[in-house]
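Visitor: I am new to this structure. Please pick one spot, look at it closely, and then work outwards from there.

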Amino acid sequence: MGIITVATTPQPELPSEFRDLDDDGDDAVRRQAGAGESSRASRHWWDRNADEYQDEHGEFLGDDRFTWCPEGLDESSAHLLGPVEGKDVLEIGAGAAQCSRWLRAQGARPVALDISHRQLQHSLRIDLARGVTPVAVVQADAAVLPFASESFDIACSAYGAVPFSADTAALMREVHRVLRPGGRWVFSVTHPIRWAFPDEPGVEGLTVLSSYFDRTPYVEEDEQGRASYVEHHRTVGDRVRELVGAGFRLVDLVEPEWPEGLEQEWGGWSPLRGRLLPGTAIFVAERP
């Protein structure tokens, strides 16, 4: 099975010489970024950086592990999705579909969706190396889901798509549309309170420097001022209102604690910060 691509704008294959570039030389600013600019930036950034991301995080993610967050909370113990056997499940922002692979092993029928062609190529690589039928994958923007209404029993996203979408209210409505009545939507994101603090693992990451209420997107720009990476901030209240406005019922809000024995640091994640500040928020909602 290949990658099914659904897009509203052309999706050219990136030349190989650009796939390993990083954005270390780009300028970071806070400015507005609309849906089109955010979508293009995400697609190109993840296509460029998918190889490096899988190399760096592949061991932690595993090939068929469903982990919700850097704190290591796994669905196998959390059971936030409820029973999955025999269910049609949509994984949004799936990356290399590690979560979908775990879901399939539990008897679910997953479809892994991601905006990045290169990330989904890694999903195919993993399955071919294991000698198994590839997980069904679709390349598309999460804000415009290419599925009929009421196609899935469950939708999930572990740090995928939601923070990179400029219009997450529309994304929530799309997820609601493709879920069947009684369906569950569970997604994890960086805890909104983290936006007030510098993204540093040490003590410098414990001092508030920004307003929690400033929703201005974080944007990395190239030399021409084009967005190469965009991330959008919403408060906890914003997320609740988006869900309720889309027709969901909020069931739970999980804030995983930093586990004893986890000493790994990456980016702004560290035991120091994790033991003092929540790092992840997991929203559990249902379509009535």
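Guide: His233 is buried, because its relative accessibility is 0%. This comes from a predicted model. The residue sits in the loop between β9 and α6. Setting aside neighbours up to four places away in sequence, His233 touches Pro192, Trp195, Tyr212, Asp214 and Arg215. For a sense of scale, take Val111, which is 122 residues away from His233 along the chain. The C-alpha atoms of these two residues are 27 Å apart.

His233 also borders an empty space. The structure has 2 cavities of 30 Å³ or more, and the largest of them has a volume of about 70 Å³. Rolling a probe the size of a water molecule over the atoms shows where such empty space is left. His233 lines the largest cavity together with Pro163, Val189, Thr190, Pro192, Trp195, Glu231, His232, Arg234 and Arg239. Two of these names have come up already: Pro192 and Trp195 are also among the contacts of His233. Sorted by class, the lining consists of 4 nonpolar, 3 polar and 3 charged residues.

From the loop, step back into strand β9, where aromatic rings come into view. There are 14 aromatic pairs in the structure. One of them joins Trp45 and Tyr229 in an edge-to-face arrangement, with 5.1 Å between the ring centres and 65 degrees between the planes. This pair connects distant parts of the chain, since Trp45 belongs to helix α1 (residues 35-61) and Tyr229 to strand β9 (residues 227-231), 184 residues apart. Both partners are covered. Trp45 has a relative accessibility of 17% and so counts as buried, and Tyr229 is buried because its relative accessible area is 12%. Another aromatic pair, Phe66 with Trp68, is tilted: the centres lie 4.7 Å apart and the planes meet at 50 degrees. Phe66 is buried at 2% relative accessibility, and Trp68 is buried at 0%. Trp45 and Tyr229 also belong to a cluster linked by ring pairs, whose other members are Trp46, Tyr53, Phe164 and Tyr218.

Rings can also carry a charged side chain over their faces. Arg194 lies over the face of Trp269, 4.8 Å from the ring centre. In another case, Arg65 lies over the face of Phe60 at 4.7 Å from the ring centre.

Now go past the loop in the other direction, to helix α6 and what packs against α6. Helix α5 (residues 168-178) is mostly covered, with 8 of its 11 residues buried. These are Thr168, Ala170, Leu171, Met172, Glu174, Val175, His176 and Val178. The buried residues of α5 pack against α6 (236-246), and also against the strands β3 (88-92), β6 (152-158) and β7 (179-190). His176, within helix α5, is a useful test of the word "buried". Its relative accessibility is 16%, and the limit for buried is under 20%, so His176 counts as buried. Leaving out residues up to four places away in sequence, His176 is in contact with Ala246, Gly247, Phe248 and Arg287.

Two loops beside these elements hold residues with an unusual backbone angle to note. Tyr159, in the loop between β6 and α5, has a positive phi of about 60 degrees although it is not a glycine. Tyr159 is partly exposed, because its relative accessible area is 23%. Ala97, in the loop between β3 and α3 (98-105), is not a glycine either and has a positive phi of about 65 degrees. Ala97 is buried, because its relative accessibility is 0%.

The last stop is Leu113 in strand β4 (residues 109-114). Leu113 is buried, given its relative accessible area of 1%. Not counting residues up to four places away in sequence, Leu113 touches Leu90, Glu91, Ile92, Gly93, Ala94, Val138, Ala140, Ala142, Leu145, Pro146 and Phe147. Pro256 is 143 residues away from Leu113 in sequence, and the two C-alpha atoms are 25 Å apart in space.

Definitions and conventions. Residues numbered from 1 in each chain as written. Predicted model: local features only at pLDDT ≥ 70, side-chain atom pairs only at ≥ 80, totals over all residues. Heavy atoms only, no water. Phe/Tyr/Trp six-rings, centres within 6.5 Å; stacked < 30°, edge-to-face > 60°. Helix = DSSP H or I, 4+ residues; strand = E, 2+ residues; numbered from the N terminus. Buried < 20%, exposed > 50% of the residue type's maximum accessible area, 1.4 Å probe, protein only. Lys NZ or Arg CZ within 6 Å of the ring centre and 35° of its normal. Contact = heavy atoms within 4.5 Å. 1 Å grid on protein atoms, 1.4 Å probe; cavity = no way out; pocket = protein on both sides within 12 Å on 5 of 7 lines; lining within 4 Å. Points joined across faces, edges and corners; volume = space filled by probe spheres on them. Nonpolar A, V, L, I, M, F, W, Y, C, P; charged D, E, K, R; others polar.
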